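Colleague: Please choose one part of this model and describe it closely, together with the elements that surround it. A connected account would serve me better than a list.

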Amino acid sequence: MEAGLRRFLVSFMPLALYLCYIVYTGKNVPKPRTSGCSLLPHSHYWIASKRIVTPHEIISGAVEINGGRIISLVKEKDWHETVKNKPVIDYGNAVVMPGLIDVHAHLDDPGRTEWEGFPSGTKAAAAGGITTLIDMPLNSHPSTVSKETLQLKINAAKGRIFVNVGFWGGLVPENAFNASILENLLDAGALGLKSFMCPSGINDFPMTDSSHIKEGLSVLAKYKRPLLVHAEKQQEIELDDGVDDPRSYSTYLKTRPASMEETAIRELLTVAKDTRIGGPAEGAHVHIVHLADSRSSLELIKEAKINGDSLTVETCPHYLAFSSEDIQDGDTRFKCAPPIRDAPNKEKLWEALMDGDIDMVSSDHSPSAPELKLFAEGDFLRAWGGISSLQFVLPVTWSYGLKYGITLEKLVSCWSEKPAKLASQDLKGAIAIGKHADIAVWEPEEEFDLDGNHPVHLKHPGISAYMGSRLTGKVLATFVNGNLVFEDGKHAPAACGTTILA
Ligand SMILES: *[C@@H]1O[C@H](CO)[C@@H](O)[C@H](O)[C@H]1NC(C)=O
Ligand SMILES: [Zn+2]
């Protein structure tokens, strides 16, 4: 719905609200007090909608925001007494829900800002209803593996982020056996650690095995923070030069079979059991990132959860949207690790997400300079792996999930509530009194074509696997810390997101 139409509809609302509306849109609106942080001139206001997703129910009513927090919630029938003399932004039938919290993004800043960067990445996030990103410790340069390198990230983010940004630190062989380096990194605010069980593709981020992970978990236990693990274990795989065309996705798939995930997870679980109550790393938590294999790997994870391991798992929109059979020869936009698997595997991923066996979804937004995608050669074996998606993860999850019965509540659970819990952000991830006013407003029924006419805020739209698709669910507005940071295709002029440090 257009802003003009939405504001026109306001005139059908009760008189008290109508008067407030006059205050909001009147010619003499006060100058923004927030010096460009918000597209709204107020810090105390109401957001009204017929579909507000709260932790217990979806209500028709309004949310009161003041000073960056949600201070009250009222149902429509109680409006008259409560809403007095404050501006109201009425979003009509659009959904008002907690902003998405993306626990897995690569913003590549500092050091590889030709790939992404804090300003472009957080603008894309804001345009997609994401209000908090947790940035991965690799693909920036240097990698975030110490207090000093974390400080470089914090400095680089200052005044350059449009949404909130937190940071995972890296667990690498160099620091795994040195508790003081890890403690300094965690004391400096890293929300947890991330490690790879296979080569990461980045030289200063080497892989770890279960012995490093065991050490990492024992330090994390004291801090009650998670270890995020890329669970793939390398295998010797023979390709036949005559038969296996590097332009064919099936060749790439052959180099990273599901057994790589399964083997890694099996090894990981030998140390993840330390996180059980009474175990040597009680308090630590293991989170498996971007699960692609919905067969044996998922069974192992389910079993470990039953056995009491402190364990969660995420998958990503590209595994839920695409299947390997449909990827065209040479279209390296779709290269990622682990790879996108076949259609029946995708069906099972959806089942697991809907059943709660997969806890959450994250973007694993991982762009590169377009040249590294080698579009001319279309060589899947040599092209940079990473899917660029940040702005579209909400409509993608929704569009592809409709077939599997996704609901607004499920969306909030897997994109806001559970990610908030993983990153220990108690004041985020819900529309409830006292929580941060991090809010996404969107139209679940509105369809759009992701073509040249659509305003794309990704740094390199051409490398996004979603360009050319038709999606359902249009983001109208995004609020971060009570600031309206995005509305109707426009961003607030100033970058006022906060860095989240533990
Ligand atoms: C841990 O790392 C610090 C800083 O690099 C170093 O000074 C210290 O000697 C290391 N400790 C051990 C036990 O290796
Ligand atoms: Zn990643």
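Modeller: The account below starts from one strand and then follows its contacts outward.

The model is a predicted one, in which local features need pLDDT of at least 70 and side-chain atom pairs count only at pLDDT 80 or more, whereas totals for chains, interfaces and linings use all residues. Residues are numbered from 1 along each chain as its sequence is written, while chains are lettered from A and ligands numbered from 1 in the order in which they are written.

The part chosen is strand β16, residues 470-480. Strands (E, at least two residues) and helices (H or I, at least four) are DSSP runs numbered from the N terminus. Of the 11 residues of β16, eight are buried, so the rest of the structure largely encloses this strand. A residue is called buried if 20 or more other C-beta atoms lie within 10 Å of its own, exposed if 12 or fewer do, and partly exposed in between, with C-beta atoms placed from the backbone.

Strand β16 has pairing partners in β15 and in β17. Two strands pair if DSSP finds at least two bridges between them. With β15 (residues 439-449), β16 forms eight bridges in the antiparallel sense. In this pairing Leu-471 of β16 is the bridge partner of Phe-448. Strand β17 (residues 483-487) is also antiparallel to β16 and is joined to it by four bridges. Here Ala-477 stands opposite Glu-487 of β17. The hairpin of β16 and β17 has two residues between the strands, and Asn-481 in this hairpin takes a positive phi near 50°.

The strand also has a part in the meeting of two domains. Domain 1 comprises 3-97 + 453-493, and domain 2 comprises 99-426; such bounds come from an automatic or database domain assignment. Their C-alpha centres lie 31 Å apart. Across the boundary, 24 residues of domain 1 are in contact with 35 residues of domain 2, contact being defined as C-beta atoms, placed from the backbone, that lie within 7 Å of each other. On the domain 1 side, the elements that give two or more residues are β5 (95-98), β16 and β17. The largest share, seven residues, comes from β16. By class, this side of domain 1 holds 14 nonpolar, eight polar and two charged residues. In this scheme Ala, Val, Leu, Ile, Met, Phe, Trp, Tyr, Cys and Pro count as nonpolar, Asp, Glu, Lys and Arg as charged, and the others, Gly among them, as polar.

Among the elements that touch β16 is helix α14, whose buried residues pack against β6, α12 (317-321), β14 (360-361), α15 (408-422), β15 and β16. Helix α14 spans residues 393-401, and eight of its nine residues are buried, so it too is largely enclosed by the rest of the structure. The buried residues are Val-393, Leu-394, Pro-395, Val-396, Thr-397, Trp-398, Ser-399 and Gly-401.

Through α14 the account reaches β6, which belongs to an open sheet of four strands in the order β6-β7-β8-β19 with parallel pairing. Strands β6 (100-105) and β19 (499-500) stand at the edges with a single partner strand each, so one side of each has no neighbour in the sheet. Strand β6 runs parallel to β7 (residues 130-135) and is joined to it by four bridges, with Leu-100 opposite Ile-130 in β7. Helix α4 (residues 118-127) lies across β6, β7 and β8 (164-167) and runs at about 140° to β7. Helix α5 (residues 147-157) lies across β7, β8 and β19, at about 175° to β8. Such angles run from 0 to 180 degrees between N-to-C directions, the axes being lines fitted to C-alpha atoms, for helices over the stretch in contact.

The loop between β6 and α4 contains Asp-108 and Pro-110. Asp-108 has a phi near 65°, a positive value in a residue other than glycine. With 28 C-beta neighbours inside 10 Å, Asp-108 counts as buried. The peptide bond from Asp-109 to Pro-110 is cis, with omega near 5°.

How values were computed:
Two residues are in contact if their C-beta atoms, placed from the backbone, lie within 7 Å.
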